[in-house]
Amino acid sequence: MLTGAQIRELFLNFFQEKGHLVLPSSSLVPSGDPSLLLTTAGMVQIKPYFLGEAVPPAPRLASVQKCFRTVDIEAVGDERHLTFFEMLGNFSVGDYFKEGAIAFAWEFLTKRLGFPAERLYPTIYPDDEEAFQAWQKIAGVPAERIIRLEDNWWAAGPVGPNGPDSEIYYDRGAEYGCGRETCRPGCDCPRFLEFWNLVFMQYYRDATGALTPLPRKNIDTGMGLERLSMLVQNKRTVYETDLFMPVLERAAEIAGVTYGKADPVDFSLRVIGDHSRAVTFLVADGVLPSNEGRGYVLRRILRRAVRHGRLLGIQRPFLTETVQVVIKTLGHAYPELGHRQEFILRVVEMEETRFIQTLTVGLSVLDQIITKARETGAHQLSGEDVFRLYDTYGFPKELTVELAQEAGLTVDLEGFEKAMNQQRERARAASKFSSGPRQNAEAYSQLPLEVEFLGYERLDATSQIVGMIVNGQLVGTMETGDEGEIVLRETPFYAEAGGQVGDTGSIANERGLAEVFDTRRPVPNLIVHRVRMSQGALLSGDVVEAKVDRQRREDIARNHSATHLLHKALRETLGTHVQQAGSLVAPDRLRFDFTHFRPVTPEELWAIEERVNQEIRLNLPKETTITTYQEALAAGAMALFGEKYGEQVRMVCLGDYSCELCGGTHVNRTGDIGYFFIASEESVGAGVRRIEAFTGRGADQAVRDRLAVLERVSQRLGGEIETRVQALLEELQEERRTIAQLQRQLAVGTVDQLLHRVVEVDGVKVIAASVEAPNQEALRDIGDALRERLPHAVIVLGGVFNGKPGLVAMVTPGVKVNASNLVRKLAATIGGGGGGRSDLAQAGGRFPEKLGEALAQTVPLVRADLSH
């Protein structure tokens, strides 16, 4: 029996034998397509070739693409749905068409995989006679087994390439069927499983809906590896294949259960299996948990996996263990999993731990909702309250239902679903990235798609104007005062890319002068110069001199080469989990974002800075090589996650120290950088840090500025800086201690006033009050003083410290109230959590304005506890 890994390899080898160039999977984070949240199909990286925006490396292509689909995440856990999957695909860009696609598919399925021909059923669009004839002629499929279905039509959107498709179904046998005589492909029952879609892109639909034949017909096919493995391995569901079972078995082992014995258990195990795979690949491709976009998708599925772990009885963090199984199972096919293992595990561990804390807060909020329902005589929890628990605190609906039942209450599930659907609509609207109309797109389509870049070797060149654009229109001339874009046949100007800003300079001849203030690449291979006419006029077709601002370019090159050295030094100093997460290479500074989980210490920053300067002093030579992507990786070059690379790549090496795939401009030797100076290090998001630094002239100025500040401070302090600053800090600390002591004495002095606010509940004296106190310690001091005066009491005190609310709860001996449980329930109102002992507990929160509301709940909660 073939494994999933063997099927993957068999597919790629087959199409390689058929003249297809095998492309590596692109990232789950789409490159250059703002209309997509995540990569959903193998066609995503092929799309520019189909649209004519880029020249394909070969007319026949094949890939196994990492894919992620967010539709029906809540349904994952049944036997059919997945979020992450691998899509096998073969593509033709103007080469073979329907007959070729059908022939390849049929040969692979019947000859290489050995599927019985009589169990394969193709479907076609009702009017696609060409496909109907091809299936009979090439595959020998009888006409009665070729099913015509209306939904066999594929489109990229309301406007764009589209065409009929042909889906291949596998008859799994009568035991999977519905028993109806009409059962056939397209039936809702699981007997006939669609597993390969052949898309015949032969039309273009315009804004009016009219179809016109494409001048070059294309083929796009897609087949899920998981479904194919299920058929080859003769398993009932994809989850029973070797692609999933190791993960499910590990999750079952942690939970102390067995897969295949009970539906609720199996559902939760399948959720953990799918989401463990999805989380692993999302984080590996640079997605980090957040409350929007891709980060929200990651957070949502990770938390859903944790919730289902809780349903299985797993109370501790466990996802890193299932993620490790994913990395072990799929790391051979996707080496980035192994390379980033430490990073992946750290992200998962941090997010899971944070969510477990959130669940604790959710339990406190649920306790309040149940108490309120009882007090008002309600027998049902509102759907809005249950959804708020789910959406705000990530609290599982199923757990809410279970705990409500234990309290003798039901849940308004219809109201919950209504609130959920409203949220889905909001999320769907928020997650649709809008690409918007491309500015000047029509004008660009009339220009040459290939502009030769000369700027690696020279900063000035004689060229010819081949296009001029003003206000979105092609024009024949630009005159003084005009702003627009100029396209040259060849150019030394670097277009903004890879974090490096575009060049500036001038385009001129004897009749006119255009100042270039930016250079961009709006579509692949087209370089446009954004200009402002300062003198005379320039005409389309003019021969001109194009000159890059040399000093600015050299400053940019220093900073760009320094980012490569910095990247390597960061990985050496902090660990190989460090990956570039963004950059800006400008003439005046460089900014480098990288993955790391804590602030970089001053000692580490000094070591990183010194390591970079050491390589600068060695004056290492730059070596640039044009090679294949795979050969570059084999040579040790670093590729950036999320970047899209073609078959031919540019590898930039600085001596034998740093080697990266990069299209930017660099110094000839590292000594040209001059000096490297780190100006700052800070957090810019969960797990992402940022370093800003200077090189060359910028570093000189930064150091001079810092020294000038020190000189001014020294003059004002009138002595040696370090000694005087230390003395001032000690004085300040002593003054703060004195102030804090006085504040505590004043606070304790309010005890007599607080005693007048005692409320008696079933013989127990209760105080709940907000007091002016400098810190939590002062609250405890006041509580201790009250406890001495009240031998049978519950004391809850609140205060606000540095803008954050805090609570202290104390219970004297003999009172049947648990201080820890009490303070947790109160803390939920102020948006926090807490705990402690049964007689002393404390909490903190985020909402100081709700402190009074929280304290007001003390008496009802104490009364409820005493009545049990």
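This is a short dialogue about reading a few features of a predicted model.

Me: What should I know before I start looking at this model?

Reply: It's a predicted model, so local features need pLDDT of at least 70, side-chain atom pairs count only at pLDDT 80 or more, and totals for chains, interfaces and linings use all residues. Residues are numbered from 1 along each chain as its sequence is written, and side-chain values use heavy atoms, with hydrogens and water left out.

Me: How many disulfides are there, and which residues does a disulfide join?

Reply: Start with the rule: a disulfide is a pair of cysteine sulfur atoms within 2.5 Å. By that rule the count here is one disulfide. Cys653 and Cys659 are the partners, at 1.9 Å from S to S.

Me: Are Cys653 and Cys659 buried or exposed?

Reply: Buried means under 20% relative accessible area, exposed means over 50%, and partly exposed is in between (1.4 Å probe, protein chains only). Cys653 and Cys659 are both buried. Cys67 is buried too, at a relative accessible area of 0%.

Me: Why is there no bond between Cys183 and Cys189?

Reply: Because the sulfur of Cys183 is 3.4 Å from the closest cysteine sulfur, the one in Cys189, and that is too far for a bond. Cys183 counts as buried, with 13% relative accessibility.

Me: Now salt bridges. How many does the structure hold?

Reply: Side chains of opposite charge can pair when their charged atoms come close. The test is a side-chain nitrogen of Lys or Arg within 4 Å of a carboxyl oxygen of Asp or Glu. The structure holds 44 salt bridges. Take Asp128 and Lys98, whose side chains meet at 2.7 Å, N to O. Asp128 sits in the loop between strand 4 (120-124) and helix 4 (129-139), and Lys98 in helix 3 (residues 98-112), so the pair ties together parts 30 residues apart in sequence. Those element numbers run from the N terminus, and helices (H or I, at least four residues) and strands (E, at least two) are DSSP runs. Asp128 is buried at 5% relative accessibility, and Lys98 is buried at 2%.

Me: Which parts of the chain does the pair Glu351 and Arg303 link?

Reply: Their side chains meet in a salt bridge at 3.5 Å, N to O. Glu351 is in helix 11 (residues 341-376) and Arg303 in helix 8 (residues 293-311), 48 residues apart. Both Glu351 and Arg303 are buried.

Me: What about Glu692 and Arg589?

Reply: That salt bridge has an N to O distance of 3.8 Å. It links Glu692 in strand 28 (residues 688-695) with Arg589, in the loop between strand 22 (580-585) and strand 23 (590-595), 103 residues away in the chain. Glu692 is partly exposed at 22% relative accessible area, and Arg589 is partly exposed at 24%.

Me: How do I read a sheet, and what is the strand order in the open one?

Reply: Strands of a sheet pair through backbone hydrogen bonds, either parallel or antiparallel. Two strands count as paired if DSSP finds at least two bridges between them. The open sheet has six strands in the order 29-30-31-32-34-33, with mixed pairing. Strand 29 (759-761) and strand 33 (833-836) stand at the edges with a single partner strand each, so one side of each is left without a neighbour in the sheet. Inside that order, strand 31 (residues 793-801) and strand 32 (residues 804-811) run antiparallel and are joined by eight bridges. Phe801 stands opposite Lys804 in strand 32.
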